[in-house]
Amino acid sequence: MGKIETALQWMIDLANSKDHGYSQSRRWGPDYDCSSAIISAWEYAGVPVKTAGATYTGDMKAAFLKCGFKDVTSSCDLNTCAGLQPGDVLLNEINHTEMYVGNKQDVAAHSDRGNPAEGDQDGTEISVSAYYNYPWDCVLRYCGDNTGGTSTTQKLTLGSSGPEVKAMQQKLMMLGYDCGSSGADGEFGNATLAAVKSFQGKNGITTNGIYGPTTRKKAEAQYKALGVFTATCNLAGLKVRTGDNTNYAIFSAYPSLKKGEKVKVARVTSNNWYFALVGERYVAYMAAKYMKKG
């Protein structure tokens with residue numbers, strides 16, 4: 001996966017996560033506005049547009065052109081989207097920016113929809129939607145070196161944020177490592193740093209707290225060995241607990257499951273309870289007899 005594909009996938013993953021919504025006060029994570037999302041996607045892919053000076057729509061074009069992008073507006077029909085390619089940056093230098101996905105669709109951070117709380121409250125604050133002409137002032141296409149953008153080589157460190165961090169946290173938590181009270185929030189903070197170091201220490205890896213290729217490979221192998229499966233709740237209001245029987249306290253951050261809600265099960269305890277990822281963010285326990293595989 002090259003830089004273009006990596007940047008585009010980062011945006012799509014961001015849109016698919018309810019933990020990241022639209023905000024101008026938290027615009028560099030965990031939430032984003034239109035420009036910080038696009039800038040962060042390319043930075044993650046290894047194209048240093050933020051380092052080159054990109055901070056908002058008004059200075060994006062100059063910074064992007066310094067980093068291997070070309071203005072290809074003249075070769076595109078902005079009304080029909082003919083000529084656009086996946087990964088193209090659609091820019092209105094005063095108001096808005098989006099990334100072209102392909103198949104007449106864009107991905108972007110749009111608005112908080114009147115919901116200022118952290119995260120995507122209705123699934124549309126950051127989303128993939130049908131292409132339209134904003135109108136766009138220009139189309140910026142990455143024409144630089146498109147190699148080396150694959151997320152499998154991306155090092156995650158203290159201060160990193162985004163969907164890749166969230167996926168790492170989910171794996172570590174399902175393997176039994178504590179990433180803190182916020183769970184898999186997509187923010188590489190001190191609790192996540194401690195979890196990475198703990199994992200490294202138990203697996204004979206240098207405990208530098210960097211989630212690089214060696215640590216990633218070991219974690220993904222162990223996660224695969226868990227045999228994680230999906231289960232669906234069959235009981236409305238099923239209690240979620242801190243341990244594998246009813247003597248344990250209800251898990252306050254996610255106290256119950258809705259009927260039909262799905263979880264990812266990491267293991268089944270000797271008491272026939274599931275240890276599972278709930279709400280895509282926390283790990284806790286629930287009675288397996290009220291769950292159905294699939």
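Me: A polar contact is a pair of N or O atoms within 3.5 Å. This is a predicted model, so what makes Glu-261 and Tyr-254 a polar contact?

Reply: Their side chains are joined at 2.3 Å, which is within the 3.5 Å cut-off, so the pair counts.

Me: Why is Glu-261 said to have no salt bridge?

Reply: The nearest side chain of opposite charge, Lys-18, is 6.0 Å away, and a salt bridge has to be within 4 Å, so that pair fails. Glu-261 is buried all the same. It sits in the loop between strands S9 and S10, and beyond its sequence neighbours within four places it is in contact with residues including Ala-231, Cys-233 and Gly-279.

Me: How do you know that the length of helix H4 agrees with its residue count?

Reply: At 1.5 Å a residue, its twelve residues should span 16 Å, and the end C-alpha atoms are 17 Å apart, which agrees.

Me: What makes H4 largely enclosed by the rest of the structure?

Reply: Eleven of its twelve residues are buried, so that description follows. Among them are Pro-163, Val-165, Leu-172 and Met-174. After H4 comes Gly-176, with a positive phi near 105°.

Me: The whole structure has 13 aromatic pairs. Why is Tyr-177 with Phe-199 called edge-to-face?

Reply: The centres are 5.5 Å apart, within the 6.5 Å limit, and the planes meet at 75°, over the 60 needed, so edge-to-face it is.

Me: What does that pair tie together?

Reply: Tyr-177 is in the loop between H4 and H5, and Phe-199 is in H5, so the pair links parts 22 residues apart in sequence. Both residues are buried.

How values were computed: Residues numbered from 1 in each chain as written. Predicted model: local features only at pLDDT ≥ 70, side-chain atom pairs only at ≥ 80, totals over all residues. Heavy atoms only, no water. Helix = DSSP H or I, 4+ residues; strand = E, 2+ residues; numbered from the N terminus. Buried < 20%, exposed > 50% of the residue type's maximum accessible area, 1.4 Å probe, protein only. Lys, Arg positive; Asp, Glu negative; His and termini not counted. Polar contact = N/O pair within 3.5 Å; in protein donor to acceptor, adjacent residues only side chain to side chain. Contact = heavy atoms within 4.5 Å. Expected span 1.5 Å × (residues − 1). Phe/Tyr/Trp six-rings, centres within 6.5 Å; stacked < 30°, edge-to-face > 60°.
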